[in-house]
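Thanks for sharing this one. Here are my notes, set out as numbered points to read beside the model.

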Amino acid sequence: MTNSNKTVRRLLESAILIAIGTVLSELLKIDMPLGGGLTVCSMLPLVLVAHRWGTGWGVFTAFVYSLLQLLLGMDNVQYATSALMAAGIILLDYVVPYTLIGLSALFKRSAKNVGVSLVAGIVFTFVLRFLCHFITGWWIWDALWPNEFGWAPPLYSLLYNGAYMLPEIILTSVVALLLLKTPLKKYILAEDLK
């Protein structure tokens, strides 16, 4: 395969996987009791891009995905009461947390087992995503809408964001491991590109 063919293939695959992730984030969303929603494996396509094409390309692809998520969630920015709050929502609820998913292939070379590297990357990057949402929940959203339970802002943000991020980590890890039992393993490992 020539370099130009690889470039076209990488662009097309990334665009398709961004679209799949976006559709999953919009259509397969389970509302959680405290708020927020579990998006069924919507981040997995970004994880696959990073593992297949490398961390640099994974970060770029995840950044593009983050901009799409920002456009879809732009109505949340209108609630900000200051420019700093608006910047916090844009950066810490959208751009940074979703872009970080592109780092999920960081453990690919150090792990001897592809399943371990996939799960380690998912856990690591999803925890980073959780931390971003935790900060905005504590800093911004509690200031705008104090929780009805009277809980301390950090506790409420921990429970609100943890209630959907923990299942997201588990579900995405399980599905990623299951994909390794299918012919897609060759795709994930980029064996078809050699």
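1. A cut-off first, since several points lean on it: a residue is called buried when its relative accessible area is under 20%, exposed when that value is over 50%, and partly exposed in between. Leu44 has a relative accessible area of 5%, so it falls on the buried side of that cut-off. Please keep in mind throughout that this is a predicted model.

2. Let me stay with Leu44 for a moment. This residue belongs to helix H2. Leaving aside residues up to four places away in sequence, Leu44 touches Thr172, Val175, Ala176 and Leu179. There is also a long-range relation to look at: Leu44 and Leu171 are separated by 127 residues in sequence, while their C-alpha atoms are 9.8 Å apart in space.

3. How many residues of helix H2 are buried? For this helix, residues 44-53, the count is 10 of the 10, so H2 is largely enclosed by the rest of the structure. The buried residues include Leu44, Pro45 and Leu46, and also His51, Arg52 and Trp53. As for their surroundings, the buried residues of H2 pack against H1, H3, H4, H5, H6 and helix H7 (184-188).

4. The backbone on either side of H2 may interest you. Gly54 follows the helix and has a positive phi, near 105°. In the loop between S2 and H2 you will find Cys41, which has a positive phi of about 60° although it is not a glycine. Cys41 has a relative accessible area of 9%, so this residue is buried.

5. Ala190 deserves a glance as well. It lies in the segment after H7, and its phi is near 60°, a positive value in a residue other than glycine. With 10% relative accessibility, Ala190 counts as buried.

6. On to the largest pocket, which holds about 830 Å³ of space. Its lining is made up of 31 residues, and those that lie nearest the centre are Gly36, Asn76, Tyr94, Tyr160 and Tyr164. The elements that give two or more residues to this lining are helix H1 (3-27), strand S2 (37-39), helix H3 (55-72), helix H4 (83-100), helix H5 (114-144) and helix H6 (153-179). Which element gives the largest share of the lining? That is H5, with 6 residues. Sorted by class, the lining of the largest pocket has 11 nonpolar, 14 polar and 6 charged residues.

7. Aromatic rings come next. Across the whole structure, a search finds 13 aromatic pairs. One of them joins Tyr65 and Tyr98, whose ring centres are 5.7 Å apart and whose planes are at 70°; planes over 60 degrees apart count as edge-to-face, so this pair is edge-to-face. The pair links distant parts of the chain, with Tyr65 in helix H3 and Tyr98 in helix H4, 33 residues apart. Both tyrosines have low enough values to count as buried: Tyr65 at 1% relative accessibility and Tyr98 at 8%.

8. Another aromatic pair is formed by Trp151 and Tyr156. It is tilted, with 6.0 Å centre to centre and 55° between the planes. Are these two partners buried or partly exposed? Trp151, at 31% relative accessibility, counts as partly exposed, whereas Tyr156, at 12%, counts as buried. Trp151 and Tyr156 also belong to a cluster that ring pairs build together with Phe149, Tyr160 and Tyr164. Tyr160 and Tyr164 appeared in point 6 too, among the lining residues that lie nearest the centre of the largest pocket.

9. One contact between a charge and a ring is worth checking on your screen. The charged end of Arg10 sits over the ring of Trp57, at 4.2 Å from the ring centre.

10. Last, a residue in helix H5, the element with the largest share of the pocket lining. Ala120 has its place in this helix. At 27% relative accessibility, Ala120 counts as partly exposed. Ala120 and Leu106 are 14 residues apart in sequence, and the distance between them in space is 8.8 Å, C-alpha to C-alpha.

Methods. Residues numbered from 1 in each chain as written. Predicted model: local features only at pLDDT ≥ 70, side-chain atom pairs only at ≥ 80, totals over all residues. Heavy atoms only, no water. 1 Å grid on protein atoms, 1.4 Å probe; cavity = no way out; pocket = protein on both sides within 12 Å on 5 of 7 lines; lining within 4 Å. Points joined across faces, edges and corners; volume = space filled by probe spheres on them. Helix = DSSP H or I, 4+ residues; strand = E, 2+ residues; numbered from the N terminus. Nonpolar A, V, L, I, M, F, W, Y, C, P; charged D, E, K, R; others polar. Phe/Tyr/Trp six-rings, centres within 6.5 Å; stacked < 30°, edge-to-face > 60°. Buried < 20%, exposed > 50% of the residue type's maximum accessible area, 1.4 Å probe, protein only. Lys NZ or Arg CZ within 6 Å of the ring centre and 35° of its normal. Contact = heavy atoms within 4.5 Å.
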